[in-house]
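I opened this notebook page to record what I looked up in the structure, entry by entry, beginning with one chain and ending with its contacts to another.

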Amino acid sequence: MPAQTPWIIPTPFANFKELLKVRPYTGSLRKDIFYLFIICAIHQSILPSIVGRYHLVDLMTPWLIVTLVVAPLGRGLLLTILGALLMETGSTAPAGMYLTAFWMIATGVFLSKASLSWRHYFPWIVTLTIAELWIILFELFVNAVILNNFEFTLQDFAIQSTRLGFGIALGMVLCHRFRTGDDPVGNF
Amino acid sequence: MKDSFKRFATFFMLASALVAPFIFFSSPLRSWQNPHWFFTLLQDAIHPVERVWHNTTEGVTSWWHTYINLTRAAGENDELKQKLNQLEARILAFDEQMLENQRLRKLLGFSSRSEKKLLAAEVVGHNPFATFEALRISRGALDGIRAGMPVVAADGIVGKIIRAGQTFSDVQLLVDSDFHMDVLLQRTRVRGVLSGATKGHCILQLHKRVEIRIGDTLITSGIVGGYPKGLPVGRVIRITHETENVAQSVTVEPWVDHRRLEEVMVIVSPDPELETILEAGGPQWSQRALNKHLGE
């Protein structure tokens, strides 16, 4: 009995299937920028109509943190700057707020990247927690400076805690393939 | 070679990370009001996704209302007919009052209010940042929209255009922390500057002796910003007196609930005061005035 020929997925469909594997760092700059735009559009337009006005879900911060860790320095910085600009120009946040916050995170990641083992859970959890907390506190601080007062209610605490928890969880999902060694973490 | 580049990169990143906050906090802390074409291009690239999402959700909602909710239509139709009759009667009365008002204005020598050109726009996006909220609308520079134009809704003031892309514009809301506007207390005609605050409210600082009550309505003064005089802005919901302060802090809830907005109107008529200044001083008047002031 002759051996059965395995089904071969036609190239355009295979390419499309590959495109559906959304991840922060693909190795192709065009794809990375495309995914960043899609994530930003979901973050700015689709999520608010689902979860309401409260900023409960943050897609951009975990996405950019994982990109910074796994991508080589140049590409990581380029994508982070682009992401920060997208966040700033799509909101009324002061010009430079996200650029400053993410640049400082990028510096921290760059300095600690080579010293940590990214195959373990712990460095990822710590990095994501610190980064998400930093972004939240930076936003609150800038707002306090603009308003000249600071009011942080229990409701705000619950919102920011949810945002923090979601950011860490999403970051852990995004980093899975890099942690398990499917894709190596990019070096300098 | 690689080591020396790495050392340079480490030094550069550390130095820039230390300097960045100083540069940021020494800036005016304003959002991108007149962004570079590149930033507009970034948002233009995202806009099609927003349109697709908006049109899809609108389509589904409209289909739901048209077909599934059709059973309620007959009852609603009767109810609406009754309301229409009542409203027609009221319109006749209002027409009479308007004519009377015009006659009285003429008699008193009041200048008639100039007609403002309005441009309707759909709300296609709502920025999720609870601190820096903004709306995105479906009209842009191609429709003649420019930064600074006032945005209103049926209930009152919504905000102003903060940046205009080719086919979209971002609206800075009344409740944004960087929003300020001149207002009047409708009952006592006291003027003040209303500022945006967090949690969907605005703050108005008034002198301690100014008489104000919970529930008082604030309207636009019509002095600056291109807003017509008398548009409703919000109502007073809290008054705070501080013993060591000569001011009272008034918390105002806007009449417009921006979370439920679907359509807005942009006032595209130019601000007469600003146009006069620009006509007299030219487009770079503010920069020249600043340079003169700084002695450059």
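**Chain B, overall**

I began with the secondary structure of chain B, which comes to 5 helices and 12 strands; I keep in mind throughout that this is a predicted model. I then looked up burial and found that, of the 296 residues of chain B, 28% count as buried. For the contacts in chain B between residues at least 6 apart in sequence, I noted that 57% join residues at least 24 apart.

**Strands β9, β10 and β11**

Next I followed the pairing around β10(B), which covers residues 232-241. Strand β9 of chain B, residues 217-220, pairs with β10(B) in the antiparallel sense over 3 bridges, and within this pairing I located Leu218(B) opposite Gly234(B). I also found β10(B) paired with β11(B), residues 247-254, again antiparallel, over 7 bridges. Here I looked up Thr240(B), whose bridge partner in β11(B) is Ser249(B).

**The side of chain B that touches chain A**

How many residues of chain B are in contact with chain A? I found 41 of them, in contact with 39 residues of chain A. When I asked which elements supply this side of chain B, I noted that α1 (2-26), α2 (37-67) and β1 (118-126) each contribute at least two residues to it. Sorting that side by class, I recorded 23 nonpolar, 12 polar and 6 charged residues.

Definitions and conventions
Residues are numbered from 1 along each chain as its sequence is written. Chains are lettered from A and ligands numbered from 1 in the order in which they are written. This is a predicted model: local features need pLDDT of at least 70, side-chain atom pairs count only at pLDDT 80 or more; totals for chains, interfaces and linings use all residues. Two strands pair if DSSP finds at least two bridges between them. Helices (H or I, at least four residues) and strands (E, at least two) are DSSP runs, numbered from the N terminus. A residue is buried if 20 or more other C-beta atoms lie within 10 Å of its own, exposed if 12 or fewer, and partly exposed in between; C-beta atoms are placed from the backbone. Two residues are in contact if their C-beta atoms, placed from the backbone, lie within 7 Å. Ala, Val, Leu, Ile, Met, Phe, Trp, Tyr, Cys and Pro count as nonpolar, Asp, Glu, Lys and Arg as charged, and the others, Gly among them, as polar.
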